[in-house]
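Work through the exercises below with the sequence and the structure at hand. Each task is followed by a solution that proceeds step by step.

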Amino acid sequence: MTQTNSNSDNKPTNLPPNYDELKKAANRQANWKERLAAVEELGKWKSEPTIDLLTHRMNHDSVYQVQEAAYKQLKNFGENVHMPERKKYDLIKDTSKVLVRIKKSLPAGHTYEDFKEKLQKMRSDIYDTYKGDKGEDFESWLEEQWKAAPFKQPRRR
């Protein structure tokens with residue numbers, strides 16, 4: 001499905017007609033599925049800008065599935081790339097601290113669903129990244145994080 005367009009200098013380019021939208025989607029931090037779809041589409045268009053963008057996603061995306069997809073597209077282009085290692089700790093810096101802050105900001109006796117909803121509203125980037133990374137295990141992982149985080153201590157008078 002590779003197409004060649006001509007730019008104003010009559011030099012052939014190999015960019016999709018919606019390159020700017022795909023570039024934005026590939027860099028949208030709060031939606032890993034959009035990044036993944038953009039990576040898949042960009043993988044159909046071998047050019048220097050698409051290779052640069054895919055290389056950046058492969059090396060810097062917080063969701064391993066997106067990194068893996070970018071790696072596969074680059075390999076299909078014949079690029080000499082190496083798959084980055086899966087991160088073992090926080091995918092987004094200080095995630096554990098953020099989760100503790102969110103839990104402590106909720107009233108005593110709140111539910112896991114309250115916690116999950118507030119995380120989704122306050123830090124959709126964290127919610128989305130871990131949902132993409134953990135897949136089917138996301139709910140149990142998040143509930144474990146909620147249970148393990150310290151709860152708000154009542155004030156002494």
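**Exercise 1. Determine what share of the chain is buried, and describe its overall make-up.**

Solution. In this predicted model, buried residues account for 38% of the 157 residues in the chain. The surface that the chain exposes amounts to about 10,200 Å², of which carbon and sulfur atoms supply 48%. Turning to secondary structure, the chain holds 8 helices and 2 strands, and from the N terminus on these elements follow the order β-β-α-α-α-α-α-α-α-α. Finally, when contacts between residues at least 6 apart in sequence are considered, 56% of them join residues at least 24 apart.

**Exercise 2. Identify the residues at the centre of the contact network in the largest nonpolar core, and state which helices supply this core.**

Solution. The largest nonpolar core has 20 residues, and those that touch the most other members are Val39, Leu42, Leu54, Val66 and Leu74. At least two residues of this core come from each of helix 1, helix 2, helix 3 (48-60) and helix 4 (64-76), with helix 2 giving the largest share, 5 residues. Taking Val39 as an example, and leaving aside residues up to four places away in sequence, its contacts are Leu54, Arg57, Val66, Ala69, Ala70 and Gln73. A second, separate core consists of 16 residues, among them Val98, Leu99, Ile126 and Tyr127.

**Exercise 3. Classify the crossing of helix 7 and helix 8, and describe the residues that form their contact.**

Solution. Two packed helices are described by the angle between their axes together with the distance between those axes. For helix 7 (residues 124-134) and helix 8 (residues 138-148), the axes come within 8 Å and cross at roughly 125°. Because angles of 65 to 115 degrees count as roughly perpendicular and those over 145 as roughly antiparallel, helix 7 is oblique to helix 8. Helix 7 contributes Tyr127, Tyr130, Lys131 and Lys134 to the contact, while helix 8 contributes Phe138, Glu139, Trp141 and Leu142. Sorted by character, the residues of this contact comprise 5 nonpolar, no polar and 3 charged.

**Exercise 4. Locate Gln29, decide whether it is buried, partly exposed or exposed, and list its contacts.**

Solution. Gln29 sits in the loop between helix 1 (19-26) and helix 2 (32-42). Its relative accessibility is 40%, and Gln29 therefore counts as partly exposed. Not counting residues up to four places away in sequence, Gln29 touches Arg35, Arg57, Ser62, Asp125, Asp128 and Thr129. As for Asp128, which is 99 residues from Gln29 along the chain, the C-alpha atoms of the two residues are separated by 8.5 Å.

Methods
Residues are numbered from 1 along each chain as its sequence is written. This is a predicted model: local features need pLDDT of at least 70, side-chain atom pairs count only at pLDDT 80 or more; totals for chains, interfaces and linings use all residues. Side-chain values use heavy atoms; hydrogens and water are left out. Axes are lines fitted to C-alpha atoms, for helices over the stretch in contact, and angles run from 0 to 180 degrees between N-to-C directions. Helices (H or I, at least four residues) and strands (E, at least two) are DSSP runs, numbered from the N terminus. Angles under 35 degrees count as roughly parallel, over 145 as roughly antiparallel, 65 to 115 as roughly perpendicular and the rest as oblique. Contact means heavy atoms within 4.5 Å. Ala, Val, Leu, Ile, Met, Phe, Trp, Tyr, Cys and Pro count as nonpolar, Asp, Glu, Lys and Arg as charged, and the others, Gly among them, as polar. Buried means under 20% relative accessible area, exposed over 50%, partly exposed in between (1.4 Å probe, protein chains only). A nonpolar core is a set of buried Ala, Val, Leu, Ile, Met, Phe, Trp, Tyr and Cys residues joined through side-chain atoms within 4.5 Å. Accessible areas come from the Shrake-Rupley method with a 1.4 Å probe; for residues, only the protein chains shown count as cover.
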